[in-house]
Amino acid sequence: MLLTTPAPERARRVREPAADPATPLQVNVSQVLSHDVVTADTIPVDTTSATPVAVFDNPASGGVPGNTQAEALAVVAAADSQTTQFAHIACDPSADSGWTMRTPFGELVAAEVAAGVAYPDSSQAAVFGFLFDGTTLHISQLQQDGLTWSGPQPVGSTSVSGLHTAYTPAGRLVLYGADVDGNLATCYQPAPGAPFTTTVCALPSPLAGDFQLVLSDETSWTLVADIGGEPMLVVGVLGGSEARRSSLPEYTGTLKQVVVGFWSPAVNTAVFALVDTDNTLNLWAQSPSITVVQPPAGPALSVASAVGHVSTDGTLNIYVQDTSLNLWVLHQDPVVPWNDDGTPNWSPLIPLDNGIAGVASSGSPADAPTLFAIDAAIGSLRLHAQDPQTLMWRSGTVLTSSLNAYEVARYRTEVTVMDANGAPVPQYPVALAAARGSSACELSCGDATVTVGSDPVSLTTDALGKVTLAMLTTAGLAAPELTLTAEGLTESAVVQPGSGVLTYLSGQGTLNPTNPGGPLPQFDAGGDTLAAAQVDGARLAPGATGSTAGVAAAAIQNTAMVGLGTTPPGTAGFRLRTTGPSGTDSGPRFTVLRTPEELARALAEAGGKPGSFWSDIERWAGDVWEGIKNGLIKIADTIVNVVDRIATLTVQIGEEIAAGISLAVAGLEQAAHFISGVFAWVEAEIDQVVKWLRALFDFGAIWRSKMALQYAMGQIPSLVKQFTAHYQSAADTWFASQKEVIGQAFGAAKETAGDTPYGGLPAYQLPPPSTTTVVAGGAASADFSQNVHHNWLQDKVSAQAPDDPGVTAYQPVEGPWQAFAVHLSDAEGDFTGAMADLAGALQTLIEHPENFTGQGISDLLGAVEGLVDTGLDLADTMVDAFAGLCDAAMDGLDDLLGQELEWGPLNTLWQWMAGAAGYSYDGKLTVGALIALLAAFPTTVLYKLIEGVDTEPFPNGTFSPYGALAEDGTAMAGGG
């Protein structure tokens with residue numbers, strides 16, 4: 001089951017907008033694949049533990065009752081890295097990563113862990129964790145809040161290790177393992193809600209290797225194990241100290257371990273997955289009528305471990321880790337899962353992923369699996385989850401919330417909701433859902449992680465009318481299509497986080513124009529860009545040489561167009577052959593098929609449906625796409641019908657060839673997986689492809705802009721105080737003269753305007769919404785307000801700033817302010833009256849822009865003149881009082897700008913940015929520094945967009961030559 005963390009109340013809260021917006025509403029969408037940072041860290045798993053990860057279904061995940069999600073208990077390295085501890089890996093919608101690692105079991109040393117749900121789907125359901133510290137077995141129960149656990153309590157007086165769980169048909173949870181003498185120990189509740197009890201069943205020799213137990217009713221169990229060097233079948237009952245034993249019927253191999261056990265109540269059949277000493281896999285099954293040993297169809301594997309997942313239809317799926325650290329899946333046939341004799345009918349093995357050092361699954365049936373795995377490279381926890389609707393996979397590192405800065409790549413999307421006049425609509429409710437045929441996905445939105453599936457999720461635009469979404473690249477280049485709806489929209493808005501990348505790969509333009517090294521050049525069909533592409537100084541695709549580069553690039557281009565629906569007219573399909581036809585010396589070839597007849601001939605030449613055991617592989621399309629994406633299923637020959645969006649493939653799986661496999665290239669996700677397979681063909685790893693395509697920030701240039709702006713702000717208080725002192729003495733004469741000048745100017749303007757309304761002006765029109773039309777250099781008008789890349793820091797601050805900023809008031813300003821208030825009260829009458837006149841004149845524009853056409857120009861000018869006239873009188877009266885207030889206010893501003901902020905995750909982000917910019921010594925987060933950097937981000941990025949990527953506004957980190965004043969108040973050169 002794909003993780004579906006609900007939005008917390010804070011993220012779901014909908015506040016009423018200040019006023020009903022003018023309709024119809026409009027939506028602007030900006031998206032980018034971006035280098036990003038989250039405050040998170042990996043979860044180090046103790047790989048020396050026999051059972052380091054235990055998966056269970058939490059019925060109140062995220063603290064929300066009824067929100068059942070797969071979570072885990074794990075044996076992890078403690079902070080001091082010298083000991084291990086038990087941890088709860090919990091979904092956390094308030095975390096930027098969506099997960100939190102909690103350690104609720106104190107200082108209990110961790111050796112092995114198991115978990116399960118007793119009597120699921122009943123009123124007596126309860127989650128239990130079994131914790132073995134190397135000496136004693138403890139038990140703890142998850143509380144109803146889904147977050148806290150009861151204190152660990154010892155279970156019996158017997159030490160139990162090699163922990164596993166099994167279930168009776170009615171849902172009784174049974175823990176089993178070996179005692180210190182190698183006998184079978186079982187731990188269970190005699191009745192629902194009763195305490196757990198432990199029973200030891202004596203065996204003639206100690207249990208060796210891994211072993212598995214299944215329960216056929218509420219008390220009867222069957223064990224398959226290596227006992228005394230012989231494969232044995234043991235049958236007993238819960239609570240019994242003796243059992244019946246026999247050699248394992250029909251099995252002639254040398255048993256190393258038993259990795260999966262399964263009982264099907266539908267056909268009364270026991271199934272065990274056996275691994276021989278040569279690491280081969282065999283499936284042993286015993287039905288009421290027959291016992292068989294079945295080798296799996298497909299490539300021969302060298303098996304290291306395996307786990308089972310039971311589908312809601314009662315069929316078994318086995319996830320196998322081989323000794324080359326690849327992950328495979330073995331399904332029962334989806335149409336005929338059981339043979340007539342009650343034995344299982346298997347589909348062939350399908351490879352999914354690589355770099356896996358262990359895998360764990362929940363024992364509870366589910367529509368689709370959620371697997372926790374161990375990353376072979378770094379020993380950290382991973383998540384592999386399959387969407388129950390599309391069957392597409394998402395996988396990646398499980399990151400726990402932390403104060404560490406962790407670099408990731410994320411699709412970042414900014415949706416701006418505007419009214420009919422192009423004005424942003426703040427605090428407005430919208431709904432987001434996965435488009436039909438698209439997978440669910442996890443999104444970071446504001447200060448919450450939400451999962452967007454077919455059921456709409458309620459969100460609210462921010463103060464700028466925006467909803468900003470960030471999605472980790474857990475499916476490689478693939479990103480599902482979303483739809484956004486809101487009251488006032490004439491139709492739902494399409495949101496495609498990955499469309500920018502696919503548009504670039506389809507050959508349309510350059511990508512990431514403000515990257516420090518310049519934009520990626522156009523992705524040409526000839527393969528020049530692909531062949532020259534580099535990541536970290538090394539070639540992205542070492543296999544893209546000679547004609548292969550052009551063949552791969554053309555296949556990528558055309559597949560991207562299929563996913564986007566932009567294939568040009570006159571194209572019926574295309575064909576990619578990564579090797580020449582059999583019996584020829586020709587190399588890889590790419591062919592555009594112009595007519596339906598050419599397409600039909602190519603399909604006939606390629607051959608028909610796959611034969612033998614490959615006949616049903618296309619029923620597991622999500623698995624096949626995952627294997628293609630990760631380069632484990634190699635594309636040999638593919639014909640794509642661009643009208644029907646069907647790919648007919650010949651693929652290589654291990655040493656086997658499967659031909660005639662038909663898969664739907666239904667949208668962006670499948671197209672991205674096919675493209676990843678082509679990249680894999682030319683030896684480009686998918687994580688390196690993402691790194692090549694992501695947008696980067698020139699943090700050095702941005703930080704120098706911040707330094708310049710921060711210096712300039714720091715000069716404001718002293719400059720204002722100098723200006724105030726210089727001009728105070730001349731204020732009376734100046735204000736009087738200005739009133740006369742202003743009166744003459746407004747009189748002339750009103751005489752010229754006469755009775756002309758604004759609608760009568762030749763060029764008058766309502767203000768248009770932002771556009772993508774280029775207005776300067778490479779910048780469009782929308783880049784100045786609606787570009788998700790430019791607004792990166794703004795989104796971080798908006799999402800992570802605390803409710804209480806921790807800024808203290810400047811007390812010395814109180815006295816001057818009281819004096820100022822007295823003078824304001826004396827002079828405010830005329831001024832506020834004039835302001836009311838102006839407000840009335842402007843009300844039409846603010847509330848009803850469509851009626852502004854009839855507003856008289858001279859009326860507005862008269863109101864403005866009155867306001868200016870009385871404002872000058874007020875200013876003349878107030879200037880002396882203002883001078884005292886100004887000095888105190890500027891001292892207060894100086895104090896404010898220098899105040900240090902303790903904002904937790906933002907302090908972490910700040911220090912990371914300073915280091916990335918090359919100014920790690922400048923890692924102090926103050927009010928002034930934050931304001932300066934908020935301004936520096938869009939300023940620098942837009943400057944580069946307009947003037948060129950090799951330029952920056954403040955290359956020396958200084959502002960302008962006007963940094964000081966002479967004694968007479970005039971500006972003088974210097975400063976900076």
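Is Cys 201 buried or exposed? With a relative accessibility of 3%, Cys 201 counts as buried, because the cut-off for that class is under 20%. Please keep in mind as you read on that this is a predicted model.

**The chain as a whole**

Let us step back for an overview. The protein chain has 976 residues, and 53% of them are buried. Its secondary structure comprises 15 helices and 48 strands. Among contacts between residues at least 6 apart in sequence, 62% join residues at least 24 apart.

**Cysteines and the loop before strand S13**

Cys 201 has company in its burial class: Cys 91 is buried too, with a relative accessible area of 1%. The structure holds zero disulfides. For reference, a disulfide is a covalent bond between the sulfur atoms of two cysteines.

Strand S13 covers residues 197-201, and the loop between strand S12 (184-188) and S13 contains Phe 196. Phe 196 is buried, at 15% relative accessible area. Setting aside neighbours within four places in sequence, its contacts include the aromatic residues Phe 128, Phe 130 and Tyr 188. Phe 196 also touches Ile 139, Val 155, Leu 173, Cys 187 and Gln 189. Between Phe 196 and Thr 186 there are 9.8 Å from C-alpha to C-alpha, for a separation of 10 residues in sequence.

**Loops worth a look**

A second buried loop residue is Thr 343, which sits between strand S24 (326-331) and strand S25 (350-354). Its relative accessibility is 1%, so Thr 343 counts as buried. The side chain of Thr 343 makes a polar contact with the side chain of Asp 341, at 2.5 Å. Beyond four places in sequence, Thr 343 touches Ser 287, Ile 290, Val 292, Gln 294, Pro 337 and Trp 338.

Two aspartates in loops have backbone angles that deserve your attention. Asp 121 has a positive phi although it is not a glycine, and Asp 536 likewise has a positive phi in a residue other than glycine. Here they are, side by side:

| Residue | Phi | Loop between | Relative accessibility |
|---|---|---|---|
| Asp 121 | about 60 degrees | S6 (112-118) and S7 (126-132) | 85% |
| Asp 536 | near 55 degrees | S38 (534-535) and S39 (538-539) | 62% |

Asp 121 counts as exposed at 85%, and Asp 536 counts as exposed at 62%; the cut-off for exposed is over 50%.

The backbone has another feature to visit towards the N terminus of the numbering, at Pro 24. A cis peptide bond joins Thr 23 and Pro 24, with omega at about 5 degrees. Pro 24 belongs to the loop between helix H1 (9-12) and strand S1 (26-42).

**Helix H6**

What encloses helix H6 (residues 621-629)? The rest of the structure largely does so, because eight of the nine residues of H6 are buried. The buried set takes in Gly 622, Asp 623, Val 624, Trp 625, Glu 626, Gly 627, Ile 628 and Lys 629. Charged side chains are thus part of that list, with Asp 623, Glu 626 and Lys 629 among them. After H6 comes Gly 631, whose phi is positive, near 75 degrees.

**Cavities and a pocket**

How many cavities of 30 Å³ or more does a search of the whole structure find? The search finds four. The largest cavity holds about 340 Å³ of space. It is lined by 23 residues, and those closest to its centre are Ser 97, Trp 99, Glu 442, Leu 472 and Thr 474. By class, this lining has 11 nonpolar, eight polar and four charged residues. Strand S29 gives the most to it, with four residues. At least two residues each come from strand S28 (381-386), S29, S30, strand S32 (441-445) and strand S35 (466-472).

The second largest pocket has a volume of about 1100 Å³. Of its 34 lining residues, Arg 382, Thr 397, Thr 473, Ile 686 and Asp 687 are the closest to the centre. S25, strand S29 (393-397), strand S30 (399-418), helix H7 (668-681) and helix H8 (686-693) each give two or more residues to this lining. The lining residues of the second largest pocket divide into 13 nonpolar, 12 polar and nine charged. Strands S29 and S30 therefore appear in the lining of the largest cavity and in that of the second largest pocket.

Notes. Residues numbered from 1 in each chain as written. Predicted model: local features only at pLDDT ≥ 70, side-chain atom pairs only at ≥ 80, totals over all residues. Heavy atoms only, no water. Buried < 20%, exposed > 50% of the residue type's maximum accessible area, 1.4 Å probe, protein only. Polar contact = N/O pair within 3.5 Å; in protein donor to acceptor, adjacent residues only side chain to side chain. Contact = heavy atoms within 4.5 Å. Disulfide = S-S within 2.5 Å. 1 Å grid on protein atoms, 1.4 Å probe; cavity = no way out; pocket = protein on both sides within 12 Å on 5 of 7 lines; lining within 4 Å. Points joined across faces, edges and corners; volume = space filled by probe spheres on them.
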